[in-house]
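Colleague: I am new to this structure and should be grateful for a close look at a single part of it. Please take the sheet and describe how it is put together.

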Amino acid sequence: MEQDTRAVENTAVAHDADSSLLRELVAHLRDERTPLREEWTRRITEAQLLSVMTSDEIFSEVTAVYDNYVDALETGSIEALEAYAKNLSERIIPRGVETHEVLGVVLLLRDVLARSLFEKYQKEPNLLTRVLDAYEPAANRIAVTVGVSFVQERERVIRQQQLAIRELSTPVLKVRDQLLILPIIGALDAGRARQLTEQLLNGIRENRAKVVVIDITGVPSIDMPVADHLVQAVRASALMGARVIITGLSADIAQTVVNLGVDLSMMQSVGDLQGGIEEAERQLSYEVTRTRDQPGELGE
Amino acid sequence: MPVSILKQGPYLIASVQSALTDTEVIDLRDSLLAGVAKHRSRGVIVDVAALDIIDSFVARSLTTVARTNRLRGARTVVVGIQPEVAMAMSQFGLRLDEAYTALDLEAGIQLLTH
């Protein structure tokens with residue numbers, strides 16, 4: 001029991017000693033602000049990190065991060081730094097800054113500061129050990145915070161973009177009674193193909209469609225799973241009483257489909273979207289005629 | 001049996017009210033085949049809008065009905081397959097060969113009369 005109390009007191013004393021050391025450390029880092037910032041910037045440029053930013057920009061960001069970093073060391077609260085890191089990430093991610101660059105920059109700062117502490121205390125090895133004991137956990141925590149903020153922000157941006165693509169990418173358009181068009185733009189993956197099938201089937205039900213033209217002019221390439229999904233979409237539409245006409249197969253895609261051996265026997269396919277719509281109109285007994293000749297077209 | 005079979009002119013209309021057991025599927029199949037013979041029907045419509053699941057047994061039974069009817073000169077239309085059901089069926093490779101399909105009863109009747 002007594003021993004326990006003493007142990008607690010010891011820890012408290014050690015804690016006090018740690019915090020006084022940390023204060024000393026922070027004071028040192030404040031004094032050396034200018035040379036350390038310059039050193040950090042120099043190391044960043046040397047390592048060719050943040051190459052998309054000008055050196056002025058790097059220096060001003062470096063200053064802000066440095067001050068936040070020292071504040072975080074002093075108070076132990078990383079919220080301000082976290083907010084700044086998030087804000088910084090928002091600004092630099094659209095410019096194409098990579099994760100390894102951000103992590104590299106933060107680790108460089110850690111190294112630069114540790115080096116400077118080492119120089120200051122190298123004549124007192126015991127003190128140096130204790131200074132580093134106080135500095136390292138705090139510095140590591142800060143490095144992790146900045147890195148995680150960056151990655152989180154990046155993931156948020158990616159999620160947002162995926163959502164935007166998903167919402168934009170698969171409109172089901174009604175062009176005539178019982179006739180739908182589904183233009184597909186951009187690469188198809190299995191997830192998008194499934195979502196597309198869902199929208200197609202719901203569109204068929206809502207519009208009471210009999211014929212659907214799926215145009216894949218805007219699809220750069222197709223692999224086996226995606227081809228299978230397309231076949232499934234066509235089969236499912238047939239179960240709901242709608243025929244599917246596929247248009248706009250590029251020569252490349254047509255060749256891939258043939259090479260993959262996908263069974264397209266139940267799929268009707270027409271060269272281009274115009275042909276597909278004309279065929280669909282024929283099947284639905286629509287007849288489109290011009291009401292008068294266009295001037296200048298027939299060389300009057 | 002949760003299926004009612006109505007005679008509507010030259011057509012038979014079977015509407016499924018709720019999920020079917022295997023025995024009920026067999027009953028439905030036999031009643032349809034017998035009904036077509038008895039009424040000399042030219043078409044059969046099976047409305048499955050109430051089904052949340054169409055498994056391989058149901059699909060095969062419907063195909064059998066369609067194939068048998070065709071040999072007797074009657075057309076079979078399966079109507080009311082829900083989007084989720086259609087997706088699941090195509091994923092599992094279930095097909096209704098030789099049966100016609102239509103969105104709902106109205107579209108099915110239209111398909112038979114035109």
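Modeller: The following account treats the sheet of chain A and then turns briefly to chain B. This is a predicted model, in which local features need pLDDT of at least 70 and side-chain atom pairs count only at pLDDT 80 or more, while totals for chains, interfaces and linings use all residues. Residues are numbered from 1 along each chain as its sequence is written, and chains are lettered from A and ligands numbered from 1 in the order in which they are written.

In chain A, 5 strands form an open sheet with mixed pairing, in the order β1-β2-β3-β4-β5. Strands (E, at least two residues) and helices (H or I, at least four) are DSSP runs, numbered from the N terminus; two strands pair if DSSP finds at least two bridges between them. Because β1 (173-176) and β5 (268-270) of chain A each have a single partner strand, they stand at the edges, and one side of each is left without a neighbour in the sheet. From one strand to the next, the twist averages 30°, where axes are lines fitted to C-alpha atoms, for helices over the stretch in contact, and angles run from 0 to 180 degrees between N-to-C directions.

The pairing of β1(A) with β2(A) (residues 179-185) is antiparallel and spans 3 bridges. Leu173(A) has Ile181(A) in β2(A) as its bridge partner. Helix α10(A) (residues 273-283) packs on the sheet, touching β1, β2, β3 (211-218), β4 (243-247) and β5 of chain A; contact requires C-beta atoms, placed from the backbone, within 7 Å. The direction of α10(A) makes about 175° with that of β3(A).

Chain B, for its part, has 4 helices and 5 strands, running β-β-α-β-α-β-α-β-α from the N terminus on.

Methods. Two residues are in contact if their C-beta atoms, placed from the backbone, lie within 7 Å.
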